[in-house]
Amino acid sequence: MNDTQLVTRETPRERVRLLTLHRPGAYNALSGALIAVLHDALNEAAADPDVGAVVLRGAGPGFCAGHDLKELEAVTDEPEAERLFDACAALMQAVAGSPKPVIAAVHGVATAAGCQLVASCDLAVAAASARFATPGVNLGLFCSTPMVALSRAVARKHALELLLTGELVDAEHAARIGLVNRVVPDGEETEAALELATRIAGRSAQTLAFGKALFQAQLEQSLPEAYAAANRVMVENLRHDDAREGIRAFLERREPHWRR
């Protein structure tokens, strides 16, 4: 398999890009090559005006088992390790920073950097038998980088429990703590994620991009700063054609026609 085949790209629904991690024999572990190809695929989807939302899933028996431990074990110097973790951090920021909503469809296991990937996605749908963990402590390697995404997705004590115990939790627990949005029967997670993506992709792409960027930015701001930023975005958003069209369509009791 060449590197480009590590992530398959499909358009199973109008305006929905489906990206599938394809290292099934390694539980889709994030090798350096897979990180690079997935980052490229996300950037491609972000730049494509015909894509309104992205669904991310894994091939084979699980979603993603984190970093490739064989690759990590073979790292011989600090600069090499830094390059690998910098690339992974850039990937996670590409997910969070994409103007297109990114939805994880999770089955099997999502552990360590795989759990980080779920936490980085905007939304997540999990199969009933899916399991999640940040098990670095079991290997003597604290899940420091997964901690960044996890601590922004769930409450502090829930994040710390996952990080300090390294134990697997089930999909229902992941939903209770806010790591995933919903749990569906096994085998239905991709379809459920595609259905959710289709509903979102039917909205104004311009408005979704405004909203997602603001949501990410205001999380790090004080309450007055967040309201000031939100006010600026509302004023800017109101000037754009899709907002004008949406308001007119509501007043005229018709469906809006977005510019895309």
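**Exercise 1. Find the residue of β7 that stands opposite Val109, then place the pair in its sheet.**

Solution. This is a predicted model.
Step 1. Look across from Val109: Arg131 in β7 stands opposite.
Step 2. Identify the strands. β5 and strand β7 (residues 131–133) run parallel, joined by 3 bridges.
Step 3. Widen the view. The open sheet here has 3 strands, ordered β5-β7-β8, and its pairing is mixed.
Step 4. Check the edges. β5 (109–111) and β8 (169–170) each have a single partner strand, so one side of each lacks a neighbour in the sheet.
Step 5. Add the helix. α4 lies across β5 and β7 and runs at about 95° to β5.

**Exercise 2. Decide whether Ser120 is buried or exposed, and list what surrounds this residue.**

Solution.
Step 1. Locate the residue. Ser120 belongs to helix α4 (residues 113–120).
Step 2. Read the accessible area. The relative value for Ser120 is 9%. Buried means under 20%, so Ser120 is buried.
Step 3. List the contacts. Not counting residues up to four places away in sequence, Ser120 touches Met92, Val95, Ala96 and Ala149.
Step 4. Take one of these, Ala96. Ser120 and Ala96 are 24 residues apart in sequence, yet 5.8 Å apart in space, C-alpha to C-alpha.
Step 5. Look for a polar neighbour. A polar atom of the Ser120 side chain lies 2.8 Å from the backbone oxygen of Gln116.

**Exercise 3. Explain why strand β2 is largely enclosed, and trace its partners.**

Solution.
Step 1. Count the buried residues. In β2 (residues 16–21), 6 of the 6 are buried, so the rest of the structure largely encloses this strand.
Step 2. Sort the directions. Val16, Leu18 and Thr20 point one way; Arg17, Leu19 and Leu21 point the other way. All are buried.
Step 3. Take one partner, strand β1 (residues 7–13). β1 and β2 run antiparallel, with 5 bridges between them. Arg13 has Val16 as its bridge partner in β2.
Step 4. Inspect the turn. The hairpin of β1 and β2 has 2 residues between the strands, and Arg15 takes a positive phi near 70°.
Step 5. Take another partner, strand β3 (residues 53–58). β2 and β3 pair in the parallel sense over 6 bridges. Leu21 stands opposite Gly58 in β3.
Step 6. Follow the connection. β2, helix α1 (residues 32–47) and β3 make a right-handed β-α-β unit.

**Exercise 4. Give the strand order of the open sheet of 6 strands and name its edges.**

Solution.
Step 1. Write the order: β1-β2-β3-β4-β6-β9, with mixed pairing.
Step 2. Name the edges. They are β1 and β9 (182–184), each with a single partner strand, so one side of each has no neighbour in the sheet.
Step 3. Note the twist, which averages 25° from one strand to the next.
Step 4. Inspect one pair. Strand β4 (residues 102–106) and strand β6 (residues 123–127) run parallel, joined by 4 bridges. Ile103 stands opposite Leu123 in β6.

**Exercise 5. Find which residues of the largest nonpolar core touch the most other members.**

Solution.
Step 1. Recall the tendency. In soluble globular proteins, nonpolar side chains tend to be buried together.
Step 2. Pick out the residues. Of the 50 in this core, they are Leu38, Phe63, Val106, Val118, Phe132 and Leu179.
Step 3. Find the largest share. α1 supplies 7 residues.
Step 4. Compare with a second, separate core. That one has 15 residues, including Val16, Ala105, Val184 and Ile200.
Step 5. Return to Val118. Its contacts beyond four places in sequence include Phe63, Ala110, Ala124 and Val180.

Note on methods
Residues are numbered from 1 along each chain as its sequence is written. This is a predicted model: local features need pLDDT of at least 70, side-chain atom pairs count only at pLDDT 80 or more; totals for chains, interfaces and linings use all residues. Side-chain values use heavy atoms; hydrogens and water are left out. Buried means under 20% relative accessible area, exposed over 50%, partly exposed in between (1.4 Å probe, protein chains only). Two strands pair if DSSP finds at least two bridges between them. A crossover is right-handed if, with the strands pointing away from the viewer, the path from the first strand over the helix to the second runs clockwise. Contact means heavy atoms within 4.5 Å. A polar contact is a pair of N or O atoms within 3.5 Å; within protein, one must be able to donate a hydrogen and the other to accept it, and residues adjacent in sequence count only if both atoms are side-chain atoms. A nonpolar core is a set of buried Ala, Val, Leu, Ile, Met, Phe, Trp, Tyr and Cys residues joined through side-chain atoms within 4.5 Å. Axes are lines fitted to C-alpha atoms, for helices over the stretch in contact, and angles run from 0 to 180 degrees between N-to-C directions.
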